[in-house]
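Here are a few short exercises to work through with the model open beside you. Try each task before reading its solution.

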Protein chains: 4
Amino acid sequence: MLVFENDYSEGAHPKVLQRLIETNMEQMSGYGCDPYCEAAKEKIQKACECPHAEVQFLVGGTQTNQTVIASLLRSYEGVIAADTGHVNQHEAGAVEYTGHKVLALPQEAGKLSSETVRAYLRRFFADENQEHMVFPGMVYISHPTEYGTLYTKSELAALSAVCEEYKLPLYLDGARLGYGLMSPGTDVTLADIAKYCDVFYIGGTKVGALCGEAVVFSKGRMPKHFLTTVKQHGALLAKGRLLGVQFDALFTDCLYMEISKQAIETAELLRKVLKEKGYRMYLETPTNQIFVVLENETLKKLQKDVRLSFWESLDETHTVVRFATSWATTKESVEKLAKLL
Amino acid sequence: MLVFENDYSEGAHPKVLQRLIETNMEQMSGYGCDPYCEAAKEKIQKACECPHAEVQFLVGGTQTNQTVIASLLRSYEGVIAADTGHVNQHEAGAVEYTGHKVLALPQEAGKLSSETVRAYLRRFFADENQEHMVFPGMVYISHPTEYGTLYTKSELAALSAVCEEYKLPLYLDGARLGYGLMSPGTDVTLADIAKYCDVFYIGGTKVGALCGEAVVFSKGRMPKHFLTTVKQHGALLAKGRLLGVQFDALFTDCLYMEISKQAIETAELLRKVLKEKGYRMYLETPTNQIFVVLENETLKKLQKDVRLSFWESLDETHTVVRFATSWATTKESVEKLAKLL
Amino acid sequence: MLVFENDYSEGAHPKVLQRLIETNMEQMSGYGCDPYCEAAKEKIQKACECPHAEVQFLVGGTQTNQTVIASLLRSYEGVIAADTGHVNQHEAGAVEYTGHKVLALPQEAGKLSSETVRAYLRRFFADENQEHMVFPGMVYISHPTEYGTLYTKSELAALSAVCEEYKLPLYLDGARLGYGLMSPGTDVTLADIAKYCDVFYIGGTKVGALCGEAVVFSKGRMPKHFLTTVKQHGALLAKGRLLGVQFDALFTDCLYMEISKQAIETAELLRKVLKEKGYRMYLETPTNQIFVVLENETLKKLQKDVRLSFWESLDETHTVVRFATSWATTKESVEKLAKLL
Amino acid sequence: MLVFENDYSEGAHPKVLQRLIETNMEQMSGYGCDPYCEAAKEKIQKACECPHAEVQFLVGGTQTNQTVIASLLRSYEGVIAADTGHVNQHEAGAVEYTGHKVLALPQEAGKLSSETVRAYLRRFFADENQEHMVFPGMVYISHPTEYGTLYTKSELAALSAVCEEYKLPLYLDGARLGYGLMSPGTDVTLADIAKYCDVFYIGGTKVGALCGEAVVFSKGRMPKHFLTTVKQHGALLAKGRLLGVQFDALFTDCLYMEISKQAIETAELLRKVLKEKGYRMYLETPTNQIFVVLENETLKKLQKDVRLSFWESLDETHTVVRFATSWATTKESVEKLAKLL
């Protein structure tokens, strides 16, 4: 079976696993107070070109979004997000569970434009009934988005500007951040993200780790007693080393970037193959996710040998599917897939 | 100054006030365990033609929506509503504050169609990722809607049918229920509402009371220990009599219907005047709210003598405004307004 | 039947009711933006000798406690209270419902001492595991307490000092504040309360109003967008006038104090009668609540003619009961009760 | 440095790590739908002698307590626990964060007796004000307790009986369950726990895993859509395999029991050494935690070479400390410690 179902089908990248093995019997303090968490934080600060960034490791993406968003909002505030945003669609209402509305706005290919956000904010603050409404308290974007698309540097700058104008923190969900940073066409670096966002997370789970996300407050606005908030959300690991060791490995010798690059290369290869064979792209994406329109018959046949993701029914005879590559995807598997296609 | 700003500009209807005066020094138990609450419940059961209906009095509309919705949903469920629904727009996120998402669907003139609901439910239960999403747990409609429009009996029946099919309670927000029931064109009675909905509330605040809403569970599905839930929401009055006496008065000799009727008659009169004078309706409404498009200049002049509600900017030179009548609006005041127009 | 069950058995004080009648047909804006709310605020500021106090009217006590506490705490904080405190015992978990722990401490006769609070805070901040615990975020006291007892001025000052030392707001629940202020032995004035507390509420429901509590932030620390928070809690009345008119009446010509005084005088009379007749006090109280130990036989007989509150079983043959007077209690009814006793 | 600080100082038990290494590149579906989760569930069902038990893996202890408790309680209910219970003391208010009160009761050596629970429930249901209070909705115990003590089988049976009588689920926090089951004096088996509790968790983090807790609903009462609730709490791992593989290893060839046994043996040895040397036990415990009273001077000296846990100040010259062993503690390290003592 060829697996292009998602980017979390394997365990850890071998180098990450190797470090877990090497450090396994070292005795360390719990809850993130260990030397590997420390080392990982420093390496992340360097990679972000942001020496004063505050870093906290959490376990998973939904958990991270829930904890960060709830910690930044006041009770009467909600979070602005694209209506296709992960927090609005596929997190089982984790944000609402903490008492906050997701203020869903229209998007294009998963991206929220600064114009849309500004228009919303203008309208909100011009509304005489605003005191009866949910106040916008922050802006959430994902990069890459849920559709595998990317913001440009100028788009990020524009979003950052509108956020600053209205004094709203800009938060970037980087569940697949590596795949975004290594996309050939992008002009956005990790340092740019640290510059334009108030807080973001560097996704580990989908980029080489067994689990783990690194939350970065790049402008010194980590909420007071954030560790306690993390604990209150059930997000604080006793063996915090599990996250520290993995992120230390991922940010040693640019491993995070390198393994992301490999996923992009196999994705590029697969994209080329698909186009050559006349497959219809549902959406042009520059990262590790490829959305393709298949005839239902073709899909059925393909599924005998390939595991991919159902995305949505397009019409009675066509289906949108997603192929995803990861750091673990090999050229060989893409070539095998090419033959099947 | 002529006041057409809303339907809660005055205190209580004189007959309601009279009963408060007459009963003021009677000594009664608290928290709704008084004879007037009992009497009011019985009268409401009769008016609903639903002798086994369970009735609980609460103080205000947002509070009622929050308490009823939170008490009916499980933690992983949200409430389906029109995107223009009061719970989605103008309750400061009170539903989300209790941990639940408002699943906002498109509407027409404030109304949610059974087709829209059914399509949403079909899509949801066909989605393989549903376990990562917010489950629909109930359906919220308002009648009259926030735009003063009304469901027909067959529309209500159709909504009820889809709710039954998916085993979702149907909840009707009747903040202005009287004005809906007395609309000349409606074919929906209070008994119909009790029949088609699992729970609804009969609005007192906007229909003759100082405050108070009567929640009716017409199919015996009042959640266990609902009184405690009401208390937990801060919605239980020590002097429950305040609500009991008022609703007892409102449901004595059809007062609720009669005073609603008067508001409808003055609204009809005002509507006629507006049309004769060539004013442009923004929306056709059969109840006590009238939405009119005014030139900004006209509006400015008018506001010197009339208090009305700003609704929204239509374009650079036009504004949508709302005129509302209530049980307290007199023909004389409409005639005075006519002269001004 | 003689009623000494509680202090909310009647409707409004006649003078309060009179003002509701007189203003009933005046047309006013909603949500507290009316001249009576304004006037009442000013009168309360004066009565508190605190011209810059911020005042907000809410409907009931549990609601007020829930809204104020939730608005002042950060998510990782809890509220310190006596374990007998109303918020800890008889509000159906309304505080916890908003996500916060009640940090219950031992008390004496319902009172929390500054020593107890200081010892708790010292221990907390000395605990190396504090980041895994709920941070103390404010202190809640009630005055009179649930046992009808009162803080002295020096006790209040001491509590205020420890709160200031640890930068915690001190919040006073004044559901029965009038009865405390008019207690003959007290040295605490309303101005003292405004001076020593950061926020408190002046109870209306139990002191002459149909409903309503006036929250006073005497040190300018009303949370941002408090009105929206009030709305989000379902605590904002459309007809805010109902609260404004009542509090305006209560704070005109010292009505609030005068009617409280009357309750104290009848309580004093009743206390004297009880002692003369050899009844055993469960607790010495200087306000309108009297706790008496009765033999079960005596209680049974008494209940044929008198409604009083069961408090708790003392042993197999004795019960603690509460007699409460209110502004509405007459000397005649106490004399009738005396005969029965 | 000798480390007796806690039972989570190392990584995974070597056999657990070995299975992670061996399975690392296998491609599996996410969110717990992988063959290792399946296999682990079956092995746990067998170990519990409960073939129909429902099992769900979560990541950490606080998270598990929060998710299980919130999923079982209705909004008006709280959870009964010992006042020393982990959920009441050291989880940063995670239970209250979900809206529920911890109903803390007195304990002895960390244990809640059935008598205490029954007395509380009797008093609660005899209280006429119960509708204004938080209803008891379940009972939480930990085994071993936070003090390393254990329930006997008859104590568990008695707690189970009172829970059944009042129809409350009994939930057992087994963060250190292995160390309890392998205690020489215990008469409680895993099957007993499955029999007497409605739900419990088998702790992985402190017994050989990197992270992970296995929640077992042994009586078929897993709440509907529990997976969605887990997701909503941010507790669902994309790479669910991380938990499945580890628990599969732990429940292969009784590894979980064996490695727990080793911790108990080193604890017994250490206990013997301490007693021989005349150290004063603060509390007699039969598991892997040993509480000792040290003179402050002795403690100071010891801390140069040994890492142990500060528990509490006993008086001005004495401190209570905790020594903990784990599956990773060797006899050699105990012998080294013996020399230092």
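## A glycine in chain B

At 1% relative accessibility, B:Gly180 counts as buried. Keep in mind that this is a predicted model.

**Exercise 1.** Find the helix of chain B that holds B:Gly180, then work out which residues B:Gly180 is in contact with, leaving aside neighbours within four places in sequence.

*Solution.*
- Start with the element: B:Gly180 sits in helix H8, which covers residues 177-181 of chain B.
- Next, the contacts: B:Gly180 meets B:Pro144, B:Leu150, B:Thr186 and B:Thr287, once its neighbours within four places in sequence are set aside.
- Now take one of those partners, B:Pro144. B:Gly180 and B:Pro144 are 36 residues apart in sequence, yet their C-alpha atoms are 5.4 Å apart in space.

**Exercise 2.** Is D:Glu5 buried or exposed, and what does D:Glu5 touch beyond four places in sequence?

*Solution.*
- Locate D:Glu5 first: look in the loop of chain D between strand S1 (2-3) and helix H1 (14-23).
- Then check the cover. The relative accessible area of D:Glu5 is 17%, and buried means under 20%, so D:Glu5 is buried.
- Finally, list what D:Glu5 touches: from chain D there are D:Arg307, D:Leu308, D:Ser309, D:Arg322 and D:Ala324, and from chain A there is A:Ser29.

**Exercise 3.** How many residues of helix H11 of chain D are buried, and which elements do they pack against?

*Solution.*
- Count along residues 241-250: 10 of the 10 residues in helix H11 of chain D are buried. Among them are D:Arg241, D:Gln246 and D:Asp248, along with D:Leu243 and D:Phe247.
- Look around the helix. The buried residues of H11(D) pack against three helices of chain D, namely H1, H2 (35-47) and H12 (255-276).
- Strands of chain D join in too: S2 (54-58), S7 (199-203) and S8 (213-217).

**Exercise 4.** Classify C:Glu258 by its accessibility and give its C-alpha distance to C:Ile69.

*Solution.*
- C:Glu258 belongs to helix H12 (residues 255-276) of chain C.
- Its relative accessible area is 47%, which falls between the 20% and 50% cut-offs, so C:Glu258 is partly exposed.
- C:Glu258 and C:Ile69 are 189 residues apart in sequence, with 30 Å between their C-alpha atoms.

**Exercise 5.** Which residues gather with A:Arg74 in a patch of positive charge on the surface?

*Solution.*
- A:Arg74 lies in the chain A loop between helix H3 (61-72) and strand S3 (77-82).
- With a relative accessible area of 48%, A:Arg74 is partly exposed.
- Its companions in the patch are A:Lys224, C:Arg74 and C:Lys224.

Definitions and conventions: Residues are numbered from 1 along each chain as its sequence is written. Chains are lettered from A and ligands numbered from 1 in the order in which they are written. This is a predicted model: local features need pLDDT of at least 70, side-chain atom pairs count only at pLDDT 80 or more; totals for chains, interfaces and linings use all residues. Side-chain values use heavy atoms; hydrogens and water are left out. Patches are made of residues with over 30% relative accessible area and no salt bridge: like charges are joined within 9 Å, nonpolar side chains (Val, Leu, Ile, Met, Phe, Trp, Tyr) within 5 Å. Accessible areas come from the Shrake-Rupley method with a 1.4 Å probe; for residues, only the protein chains shown count as cover. A salt bridge is a side-chain nitrogen of Lys or Arg within 4 Å of a carboxyl oxygen of Asp or Glu. Lys and Arg count as positive and Asp and Glu as negative; His and the chain ends are not counted. The place of a charge is taken as NZ of Lys, CZ of Arg, CG of Asp or CD of Glu. Helices (H or I, at least four residues) and strands (E, at least two) are DSSP runs, numbered from the N terminus. Buried means under 20% relative accessible area, exposed over 50%, partly exposed in between (1.4 Å probe, protein chains only). Contact means heavy atoms within 4.5 Å.
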